[in-house]
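Hello,

Here is the structure I promised to pass on to you. Have a look at it first, and then read my notes below with the model open beside them.

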Amino acid sequence: MVSACLLGEACRYDGRSQRSERVLAALDGKSVVPICPEAAAGMGIPRPPVDLSGGTGVDVWAGRARALTRETREDRTEAFQDGARLALDAARRFEVPVALLKEKSPSCGSQRVYDTGVLRPGEGITTALLRADGRTVVSDEDL
């Protein structure tokens, strides 16, 4: 499973891709399940940037943190959780053991995420759910 933006899909919040030649080279000849939890949940492209507030993806699932738009502070937590559930459904359906996801994303970050505008150690909402289900999640920055 791979973040679709890394494969060249223009699905980021700003309507761009994050195509990574390093990721494409590492995946050459491998079966890939592309995902964008935010687009899958119907959040639109482009969409307002979102930060976690009050903690990490683990904290969101525990009810201690939220996913809020950066400027208006609109609560998008439920949509992010819906997208994470869709990613988990795909991982189960295609028996995906490892996900290679985009770092710093409120959904896909595996080591660092933005908490109220500050980059902090932690994982995103989709990463937290995938890991809780026993799947390995690695960062695109680790390639």
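**Strand S4: threonine 69 and alanine 67**

Not counting neighbours within four places in sequence, threonine 69 is in contact with Pro48, Pro49, Val50, Glu74 and Arg76. Please keep in mind throughout that this is a predicted model. Threonine 69 belongs to strand S4, and its relative accessible area of 3% falls under the 20% cut-off, so threonine 69 is buried. Its side chain comes to 2.9 Å from the backbone nitrogen of glutamate 74.

Alanine 67 is also in strand S4. Its relative accessibility is 0%, which is why alanine 67 counts as buried. Once neighbours within four places in sequence are set aside, the contacts of alanine 67 are Val50, Asp51, Leu52, Glu74, Asp75, Arg76, Thr77, Phe80 and Ile125. If you want a distance to check on screen, take alanine 67 and arginine 131: they are 64 residues apart in sequence, and their C-alpha atoms are 19 Å apart in space.

**Helix H4**

Two of those contacts of alanine 67, Thr77 and Phe80, bring us to helix H4, where both are buried. The helix runs over residues 77–93, and its 17 residues should span 24 Å at 1.5 Å a residue. The C-alpha atoms at its ends are 24 Å apart, so the model agrees with that expectation.

Which residues of H4 are buried? They are Thr77, Ala79, Phe80, Gln81, Gly83, Ala84, Ala87, Leu88, Ala90 and Ala91. And what covers them? The cover includes three strands, S2 (34–35), S3 (50–53) and S4 (66–69). It also includes the helices H2 (37–40), H3 (57–61) and H5 (125–132). After H4 comes glutamate 95, which has a positive phi, near 50°.

**Serine 139**

At the other site I looked into, serine 139 sits in strand S8, which covers residues 136–139. Is this serine buried or exposed? With a relative accessible area of 1%, serine 139 is under the 20% cut-off and therefore buried. Its side chain makes a polar contact, at 2.8 Å, with the side chain of glutamate 103. Glutamate 103 is also among the residues that serine 139 touches beyond four places in sequence, together with Leu100, Leu101, Ser110 and Gln111.

**The pockets**

The largest pocket holds about 440 Å³ of space. It is lined by 26 residues, and those closest to its centre are Arg12, Tyr13, Lys104, Ser105 and Pro106. H2 and S3, which we met in the cover of H4, each give at least two residues to this lining. Sorted by class, the lining has 14 nonpolar, 8 charged and 4 polar residues.

The second largest pocket has about 230 Å³ of space. Of its 14 lining residues, Met1, Leu27, Lys30, Ser31 and Val98 are the closest to the centre. Helix H1 (21–27) and strand S5 (98–101) are the elements that supply two or more residues to this lining. Here the classes come to 12 nonpolar, 1 polar and 1 charged.

If you would like a place to begin, I suggest the side chain of threonine 69 and the backbone nitrogen of glutamate 74, and from there the buried residues of H4, such as Phe80.

Best wishes, and happy viewing!

Note on methods: Residues are numbered from 1 along each chain as its sequence is written. This is a predicted model: local features need pLDDT of at least 70, side-chain atom pairs count only at pLDDT 80 or more; totals for chains, interfaces and linings use all residues. Side-chain values use heavy atoms; hydrogens and water are left out. Helices (H or I, at least four residues) and strands (E, at least two) are DSSP runs, numbered from the N terminus. The expected span of a helix is 1.5 Å times one less than its number of residues. Buried means under 20% relative accessible area, exposed over 50%, partly exposed in between (1.4 Å probe, protein chains only). Contact means heavy atoms within 4.5 Å. On a 1 Å grid over the protein atoms alone, a cavity is a set of points where a 1.4 Å probe fits but cannot get out, and a pocket is an open set with protein on both sides within 12 Å along at least five of seven lines; lining residues have an atom within 4 Å of a point. Grid points are joined across faces, edges and corners, and a volume is the space filled by probe spheres set on the points. Ala, Val, Leu, Ile, Met, Phe, Trp, Tyr, Cys and Pro count as nonpolar, Asp, Glu, Lys and Arg as charged, and the others, Gly among them, as polar. A polar contact is a pair of N or O atoms within 3.5 Å; within protein, one must be able to donate a hydrogen and the other to accept it, and residues adjacent in sequence count only if both atoms are side-chain atoms.
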